[in-house]
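Me: I have just opened this one and would like a walk through it. Can we start somewhere in the middle and work outwards?

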Amino acid sequence: MSNDSPVLSWKSPAPTDSRAGITLETYILEGMMGFPAASGAFTSLLNQIGLAAKLITSKVRRAGLANILGYTGETNVQGEQVQKLDEVANETLIASLGRRRHCAAIASEEMEEIKILSTDPRAKYVVVFDPLDGSSNIDVNISIGTIFGVLRRPDTGGIVTEADFLTPGKDLLAAGYVLYGSSTMLVISTGVEGGVHGFTYDPTVGEFFLSHENIRIPERGKTYSINEGNTAAWTDEVKRWNAWIKEEDKETDRPYGCRYVGTLVADAHRTLLKGGIFAYPADKKARGGKLRLLYEANPFAFIFEAAGGKASTGRERILDIVPEALHQRVPLVLGSPHDVDVFEQFMRGDR
Ligand code: P6P
């Protein structure tokens, strides 16, 4: 056999500190091994979310063919038309999280009430999720996503109640999202110490591979992301910030470029990787903001802070807010520390 045969010429990669290329399952398992006290339940729960992401992405990629587009004619708790893919994603997450009995209950954008998945006292976790964020973009083939957060139940024992979910985002154990874009990517964090890591899905082998190790948001960006169609409804403070960011001023690298997809997962992911700011402020139409605290704002705030970014309402830190209701809305500003600080200065009237 010649020396240049593929078998002989293949050399195992030299061991490095980089974990690039490992699978999501390996990353999660190694995370458990870093915590000897871990029972494996948290590891198993995260892997069930990874499985759900694979199942949903296979349906999203075939949505146009599998006749699961279009409206079901029903409306969800948000009063929005429920698209079939929303229901499919919701049911997939419920089935996957319910399979191993580690998840006591879930709260979903698609359901008014929480859903109990396990009455086993050993079920220590509850999960919040938006199963398919950006559903209005499904039919026009624009990126959509799934958002999730994992909380540990208070050690109250007994059956889970809605109160078990009404805890500040700073108590999250893990948060992440799946972006069904030009490729499918899962981004997950277990907090500042663990960092933020991105896994890209390879449909040919059915695995998520580590592609973006230790994501860090730039201190400042060059892009702002807001729905300019809401300008008439904005407060004066937001209008002045918006005018400022579009002014030409070479010394302060303005104007910023504008990007707005209309899917939070897509706009937030771009902001996380490139820097800049995403804002969905309160306005005269939505005085409490539009986006949901528990399963949209909190998971992204957790991820942005873990990546060195900031997340606020424009006036207060998102992760400190004590929720009062399951589907509570909140103004949301995510981004680079510099850019969020400037936005907050306008909101305080300091600029
Ligand atoms: P608007 C999608 O419906 C969503 O909930 C988020 O994903 C997105 O950021 C926002 O609403 C877009 O809202 O009012 O700009 O269309």
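Reply: Start with V128, whose bridge partner in strand 6 is G149. The model is predicted, so to speak of local features a pLDDT of at least 70 is needed, side-chain atom pairs count only at pLDDT 80 or more, and totals for chains, interfaces and linings use all residues. Residues are numbered from 1 along each chain as its sequence is written, and side-chain values use heavy atoms, with hydrogens and water left out.

Me: What counts as a strand here, and as a pair of strands?

Reply: Strands (E, at least two residues) and helices (H or I, at least four residues) are DSSP runs, numbered from the N terminus. Two strands pair if DSSP finds at least two bridges between them.

Me: Over how many bridges do strand 5 and strand 6 pair?

Reply: Seven, in the antiparallel sense; strand 5 is residues 125-133 and strand 6 is residues 144-152.

Me: And how many join strand 6 to strand 7?

Reply: Seven bridges, and these two run antiparallel, with strand 7 at residues 174-180. One of the residue pairs is F148 with G176 in strand 7.

Me: How many residues of strand 6 are buried?

Reply: Eight of its nine, so to say mostly covered is fair. Buried means under 20% relative accessible area, exposed over 50%, and partly exposed in between, with a 1.4 Å probe and protein chains only.

Me: Changing topic. What is the strand order in the open sheet of five?

Reply: The order is 12-11-13-15-14, and the pairing is mixed. Strand 12 (257-258) and strand 14 stand at the edges with a single partner strand each, so one side of each has no neighbour in the sheet.

Me: In which sense do strand 11 and strand 12 pair?

Reply: Parallel, over two bridges, with strand 11 at residues 223-225. T223 has G257 as its bridge partner in strand 12.

Me: What about strand 15, what joins it to strand 13?

Reply: Four bridges, with the two strands antiparallel; strand 13 is residues 277-280. A279 stands opposite V333 in strand 15. On the strand 14 side (residues 310-312), three bridges join it to strand 15, again antiparallel. There, K310 has G335 in strand 15 as its bridge partner.

Me: Are the faces of strand 15 covered or open?

Reply: Both are covered: L332 and L334 are buried on one side, V333 and G335 on the other.

Me: And where does V322 lie?

Reply: In the loop between strand 14 and strand 15. V322 counts as exposed, because its relative accessibility is 52%. Its C-alpha is 10.0 Å in space from that of L294, and the two are 28 residues apart in sequence.

Me: How much of helix 7 is buried?

Reply: 13 of its 14 residues, in a helix that spans residues 293-306. Just after helix 7 comes G308, with a positive phi of about 90°.

Me: Now the ligand. Which residues are around it?

Reply: D133, G134, N227, Y260, G262, T263, L264, Y280, K290, L291 and E296. To be listed, a residue needs a heavy atom within 4 Å of the ligand.

Me: How does that shell split by class?

Reply: Four nonpolar, four polar and three charged residues. Ala, Val, Leu, Ile, Met, Phe, Trp, Tyr, Cys and Pro count as nonpolar, Asp, Glu, Lys and Arg as charged, and the others, Gly among them, as polar.

Me: Which polar atoms lie beside its oxygen atoms?

Reply: A polar side-chain atom of Y260 lies 2.5 Å from an oxygen atom of the ligand. For Y280, a polar side-chain atom lies 2.7 Å from a ligand oxygen. L264 offers a polar backbone atom, 2.8 Å from an oxygen atom of the ligand.

Me: Last topic. How many aromatic pairs does the structure hold?

Reply: Seven. One is W244 with F346, tilted, at 5.6 Å centre to centre and 55° between the planes. W244 sits in helix 5 (residues 236-246) and F346 in helix 8 (residues 337-348), 102 residues apart.

Me: What makes a pair, and what is tilted?

Reply: Rings of Phe, Tyr and Trp (its six-membered ring) pair if their centres lie within 6.5 Å; planes under 30 degrees apart are stacked, over 60 edge-to-face, and the rest tilted.

Me: Are W244 and F346 buried or exposed?

Reply: Both are buried. Elsewhere, Y224, W241 and F343 form one aromatic cluster.

How values were computed. A polar contact is a pair of N or O atoms within 3.5 Å; within protein, one must be able to donate a hydrogen and the other to accept it, and residues adjacent in sequence count only if both atoms are side-chain atoms.
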